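Ready for some practice in reading a protein structure? Work through the exercises below with the sequence and the 3D view at hand, and try each task before you read its solution.

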Amino acid sequence: MPETDTWDYTLYIPNDVRAVTVCRRTLRLILTLHGLIGLVDTAELLAAELMSNAVRHTKGPAALRVRRTPEGVVWIGAWDTDPAPPDPPRPWDLALESEDGRGLGLVVACADVWGWQPSARFGDRGKYVWCQLGAA
């Protein structure tokens, strides 16, 4: 596939913490098959953080969405059924002292850009929390 080809994958998961591992391994396979091995470790960490939050903080299903833009940017999004925005990332020095609450801080530190947006899947309101990585 040429580097400018776009693609878009979505993996729907139940609200089960074990599904986060399925998301990580699926993402690793997608990026490897598309020749983006240089992004795999960082993307896997970011997807795990986003999907863990989606499963831990909501009661409904969730979804991992991974796509590549024509510019070569890899977009990773975690959809969940809660329409409320995520809590803002804690300052890194405070997050290091806590047992939880570091996830979005890792996303901020490792991604080129991150954000969230309202969305709808399964007929429910919800949100995507997403991040972007430039091609390696």
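**Exercise 1. The overall plan**

Task: Find how many helices and strands the protein has, and in what order they run.

Solution:
- Step 1. Count the elements: the secondary structure comes to four helices and five strands. Keep in mind that you are looking at a predicted model.
- Step 2. Start at the N terminus and follow the chain; the elements run β-α-α-β-β-α-α-β-β.
- Step 3. Look at the contacts in the protein with a separation of 6 or more: residues 24 or more positions apart account for 62% of them.
- Step 4. Turn to the surface. The protein has 136 residues, and 40% of them count as buried. Its accessible surface comes to about 7500 Å², with 53% belonging to carbon and sulfur atoms.

**Exercise 2. A helix under the ruler**

Task: Compare the reach of helix α2 with the span expected at 1.5 Å a residue, then list its buried residues.

Solution:
- Step 1. Helix α2 covers residues 40-56, which is 17 residues.
- Step 2. The expected span is 1.5 Å times one less than the number of residues, and for α2 this gives 24 Å.
- Step 3. From its first C-alpha to its last, α2 reaches 23 Å, close to the expected value.
- Step 4. The buried residues of α2 are Val40, Ala43, Glu44, Leu46, Ala47, Ala48, Leu50, Met51, Ala54 and Val55.
- Step 5. As you read that list, remember a general rule: an α-helix has 3.6 residues a turn, so residues three or four places apart point the same way.

**Exercise 3. Salt bridges and their surroundings**

Task: Say how many salt bridges the structure holds, then decide whether Asp16, Arg18, Asp41 and Arg28 are buried, partly exposed or exposed.

Solution:
- Step 1. The structure holds six salt bridges. As background, side chains of opposite charge can pair when their charged atoms come close.
- Step 2. Asp16 and Arg18 form one of them, with their closest N and O atoms 2.6 Å apart.
- Step 3. Use the cut-offs: buried means under 20% relative accessible area and exposed means over 50%. Asp16 has 23%, so Asp16 is partly exposed. Arg18 has 62%, so Arg18 counts as exposed.
- Step 4. Another salt bridge joins Asp41 and Arg28, at 3.0 Å from N to O. This pair links distant parts of the chain, since Asp41 sits in helix α2 and Arg28 in helix α1 (residues 19-33), 13 residues apart.
- Step 5. Apply the cut-offs again: with 55%, Asp41 is exposed, while Arg28, with 33%, is partly exposed.
- Step 6. Now widen the view: Arg24, Arg28, Asp41 and Glu44 are linked in a network of salt bridges.

**Exercise 4. The setting of Lys127**

Task: Explain why Lys127 counts as buried, and find which side chain it meets in a salt bridge.

Solution:
- Step 1. Locate Lys127 in strand β5, which spans residues 124-133.
- Step 2. Lys127 has a relative accessibility of 6%, and because buried means under 20%, Lys127 counts as buried.
- Step 3. The side chains of Lys127 and Asp80 meet in a salt bridge of 3.0 Å, N to O. Asp80 lies in strand β3 (residues 74-80), so this pair too links distant parts of the chain, 47 residues apart.
- Step 4. Check the partner: both Lys127 and Asp80 are buried.
- Step 5. Look for another polar neighbour. The backbone oxygen of Asp82 lies 2.9 Å from a polar atom of the Lys127 side chain.
- Step 6. Leaving aside neighbours within four places in sequence, Lys127 is in contact with several residues, among them Trp79, Pro85, Trp116 and Ser119.

How values were computed
Residues numbered from 1 in each chain as written. Predicted model: local features only at pLDDT ≥ 70, side-chain atom pairs only at ≥ 80, totals over all residues. Heavy atoms only, no water. Helix = DSSP H or I, 4+ residues; strand = E, 2+ residues; numbered from the N terminus. Buried < 20%, exposed > 50% of the residue type's maximum accessible area, 1.4 Å probe, protein only. Polar contact = N/O pair within 3.5 Å; in protein donor to acceptor, adjacent residues only side chain to side chain. Contact = heavy atoms within 4.5 Å. Areas by Shrake-Rupley, 256 points an atom, 1.4 Å probe, with all protein chains shown as cover. Salt bridge = Lys/Arg side-chain N within 4 Å of Asp/Glu carboxyl O.
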